[in-house]
Amino acid sequence: MSGPGFRLYWEVLRTTARRMSTYRGATFAGIFTNTVFGFLIASILRAVFEQTGTIGSFDTTDAITFTFLAQGLAMPVGMFGYTEMAERIQTGEVAMDLCRPYDYQAWWGAAAVGRASFYSWARGIPPFLAGALVFDLRLPDAAWIWPAFVVSALLAVGLGFAYGFLVQLTAFWITDVRGPNQLAWIAAGFLSGMFSTIVLFPAGLEAVARALPFAGMVQLPAEVFLGKHQGFDLLGVFLFQAAWLAALLALGRVVLARAVRKLVVVGG
């Protein structure tokens, strides 16, 4: 997209990031919460791995590093869900939104990237640094891993938005999305490795989790950071994330089109 359209979405991204930066109290509280949860989970995993040695390709250092990476990815990816769009649907403000000369999905996508651009450093880096003060964390041992991680993390942000967009669209059919939103993101958190790396799952469940888009939100970006994927395997990770992103975005457009037709029929 070029011209005024691109500038519009860039402004949405920029102003959303700036708006997030004004919530300083919430940001510091979130950093504290992510750090505490990171320490709790890391302590449990250290005890588990000290007894078992390695699980899959993960050793103790991998598991602890993964924990703080997951805590850092939580907010940029949007693992706790957002309901701003759903609230506008329920109040009827969506009618005005859909009349405006922009792409509805792209607008909210730009807002999601804007939130991620702020949370990636404000909520992503501090828990990892705090963890590094206490635990032995693993940093990439090759320069190419850093840009590879950035690419995978960006795709993870896209997956989080596309999934959340679908969840919020349910507001066109139900009166309160808070319950479905919580259930949807609890399931995503469990299957993505947000609560604990999926290498701890039984083999069958791990295979299912790796086939679903949720693995691309946390598990795969963290594995890229840990250097678990190289060469064609790394390319496969990118293609997996990109394919699911395209599928979820396409499904979002289909559901949005049905929702708009319903809105027009009901609203006249």
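1. Before anything else, a word on classes: Ala, Val, Leu, Ile, Met, Phe, Trp, Tyr, Cys and Pro count as nonpolar, Asp, Glu, Lys and Arg as charged, and the others, Gly among them, as polar. By that scheme, the lining of the largest cavity has 11 nonpolar, five polar and one charged residues.

2. Keep in mind that this is a predicted model, where local features need pLDDT of at least 70 and side-chain atom pairs count only at pLDDT 80 or more, while totals for chains, interfaces and linings use all residues. Residues are numbered from 1 along each chain as its sequence is written, and side-chain values use heavy atoms, with hydrogens and water left out.

3. Now the cavities. On a 1 Å grid over the protein atoms alone, a cavity is a set of points where a 1.4 Å probe fits but cannot get out, whereas a pocket is an open set with protein on both sides within 12 Å along at least five of seven lines; lining residues have an atom within 4 Å of a point. Grid points are joined across faces, edges and corners, and a volume is the space filled by probe spheres set on the points. Searching the whole structure turns up two cavities of 30 Å³ or more.

4. The largest cavity holds about 180 Å³. Its lining has 17 residues, with Tyr82, Ala112, Arg115, Gly160 and Phe161 nearest the centre. Helix 3, helix 6 and helix 8 are the elements giving two or more residues to this lining (helices here are DSSP runs of H or I, at least four residues, and strands are runs of E, at least two, numbered from the N terminus). Helix 8 provides the largest share, six residues.

5. What lines the second largest cavity? Its volume is about 30 Å³, and the lining consists of Ile41, Leu45, Phe66, Thr67, Ala70, Gln71, Gly193, Met194, Phe195, Ser196 and Thr197. Helix 2 (24–52) and helix 3 are the elements that give two or more residues to it, and helix 3 has the largest share with four residues. Split by class, that lining is six nonpolar, five polar and no charged.

6. On to the helix 2 and helix 3 pair. Their axes come within 9 Å and cross at roughly 160° (axes are lines fitted to C-alpha atoms, for helices over the stretch in contact, and angles run from 0 to 180 degrees between N-to-C directions). That angle makes helix 2 roughly antiparallel to helix 3 (angles under 35 degrees count as roughly parallel, over 145 as roughly antiparallel, 65 to 115 as roughly perpendicular and the rest as oblique). The crossing of helix 2 past helix 3 is right-handed, a label used if the near helix is turned clockwise from the far one by less than a right angle, with anticlockwise giving left-handed.

7. Contact here means heavy atoms within 4.5 Å. The helix 2 side of the contact with helix 3 includes Ile41 and Leu45, and the helix 3 side includes Thr67 and Gln71; those four residues also appear in the lining of the second largest cavity. By class, the contact of helix 2 with helix 3 comprises 10 nonpolar, six polar and two charged residues.

8. Which residues lie closest to the centre of the largest pocket? This pocket encloses about 530 Å³, and of its 22 lining residues the closest to the centre are Leu73, Ser120, Gly124, Ile125 and Phe149. At least two lining residues come from each of helix 3 (60–77), helix 6 (104–122), helix 7 (125–134) and helix 8, with helix 8 giving the largest share, six. The class split is 18 nonpolar, four polar and no charged.

9. The second largest pocket has about 210 Å³. Val12, Arg19, Glu84, Trp107 and Trp108 are nearest its centre, out of 13 lining residues. Helix 1 (4–21), helix 4 and helix 6 each supply at least two of the lining residues, and the lining divides into six nonpolar, two polar and five charged.

10. Helix 4 deserves a look too. Its axis comes within 11 Å of that of helix 6, crossing at roughly 140°; Glu84, Met85, Arg88 and Ile89 of helix 4 meet Tyr104, Trp108 and Arg115 of helix 6. These contact residues are four nonpolar, no polar and three charged.

11. With helix 8 (residues 145–169), the axis of helix 4 (residues 84–91) comes within 9 Å and crosses at roughly 25°. Helix 4 and helix 8 are therefore roughly parallel to each other. The contact joins Glu84, Met85, Ala86 and Ile89 of helix 4 to Phe165, Gln168 and Leu169 of helix 8, and its residues are five nonpolar, one polar and one charged.
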